[in-house]
Amino acid sequence: MSLAEVRKILHITGRLCVDPTDISDSSQFPYGGTALGVTRDAEIRFGIKTSLVYAEEFATPVEAVYTGDTALFAFVIRDLDNDALAAVFPNTATGSVSGDKVIEGRVSGAGENRAGYKMSDQSVKLLFAPRVEKTDPTAGSTTFIPLDEQPMVLIRKAVPLVEETSMLQLSIKAEIGVGVVFQAIPDSSGRLYDVGKRGDLTL
């Protein structure tokens with residue numbers, strides 16, 4: 001067991017991207033994927049479930065059984081980033097004048113996703129990458145980050161869910177702040193997520 005070291009206490013800032021293709025040390029954000037604009041309050045909620053096994057004769061728990069994960073990744077969108085809006089909302093369109101995304105609330109219409117639409121059709125590989133402002137390779141190598149102390153979070157198959165209580169703060173006093181949740185569902189190999197240093201993770 002390693003000794004306790006105060007310098008290993010982490011305060012992590014980072015950025016989000018979807019569908020990265022290369023997270024090797026020679027690659028930089030967004031790692032071949034698409035960045036999701038400016039975000040805050042990112043967190044992974046493991047949702048690890050357990051169940052207690054009781055002994056009737058003792059009327060007390062004698063075992064605990066792991067019963068699965070319902071992991072999700074939550075964050076707040078701080079700007080109206082086109083890629084973030086397209087990734088999150090069930091219906092968006094490209095503005096004919098600005099070229100920016102328009103959020104559409106629809107119950108019907110040609111090409112619109114109606115009630116009953118499977119949000120898994122919009123699933124992505126979601127990556128939280130610690131912010132390390134190093135843009136020059138380490139001397140004598142092609143590595144951009146020589147020491148990766150902060151963990152990455154990789155959601156293998158993430159289904160976007162705008163939080164039902166989300167709202168646009170239309171006020172000079174507060175950011176617009178759209179709350180977003182990505183639900184982790186199993187990929188084709190039964191994987192939900194990985195949390196670890198970049199060199200230890202594979203896509």
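## Secondary structure

Helices (H or I, at least four residues) and strands (E, at least two) are taken as DSSP runs and numbered from the N terminus. On that basis, the chain of this predicted model has one helix and 12 strands. Read from the N terminus, the order of the elements is β-β-β-β-β-β-α-β-β-β-β-β-β.

## Overall dimensions and surface

Along the principal axes, the C-alpha atoms of the chain occupy a box of roughly 65 × 60 × 40 Å. The chain has 203 residues, and 31% of them are buried. Its accessible surface amounts to about 12,600 Å², with 53% belonging to carbon and sulfur atoms.

Contacts across the sequence can also be described. Of those between residues at least 6 apart in sequence, 63% link residues at least 24 apart. As for charge, the chain carries 20 positive and 27 negative charges, and the mean positions of the two sets lie 3 Å apart.

## The setting of Asn-91

Asn-91 lies in the loop that runs between helix 1 (82-88) and strand 7 (92-94). The relative accessible area of Asn-91 is 6%, so this residue counts as buried, the cut-off being under 20%.

The side chain of Asn-91 comes to 2.7 Å from the backbone nitrogen of Asn-113. Asn-113 is also one of the residues in contact with Asn-91 when neighbours within four places in sequence are set aside. The others are Val-102, Ile-103, Glu-104, Arg-106 and Glu-112.

Definitions and conventions
Residues are numbered from 1 along each chain as its sequence is written. This is a predicted model: local features need pLDDT of at least 70, side-chain atom pairs count only at pLDDT 80 or more; totals for chains, interfaces and linings use all residues. Side-chain values use heavy atoms; hydrogens and water are left out. Buried means under 20% relative accessible area, exposed over 50%, partly exposed in between (1.4 Å probe, protein chains only). A polar contact is a pair of N or O atoms within 3.5 Å; within protein, one must be able to donate a hydrogen and the other to accept it, and residues adjacent in sequence count only if both atoms are side-chain atoms. Contact means heavy atoms within 4.5 Å. Accessible areas come from the Shrake-Rupley method with a 1.4 Å probe; for residues, only the protein chains shown count as cover. Lys and Arg count as positive and Asp and Glu as negative; His and the chain ends are not counted. The place of a charge is taken as NZ of Lys, CZ of Arg, CG of Asp or CD of Glu.
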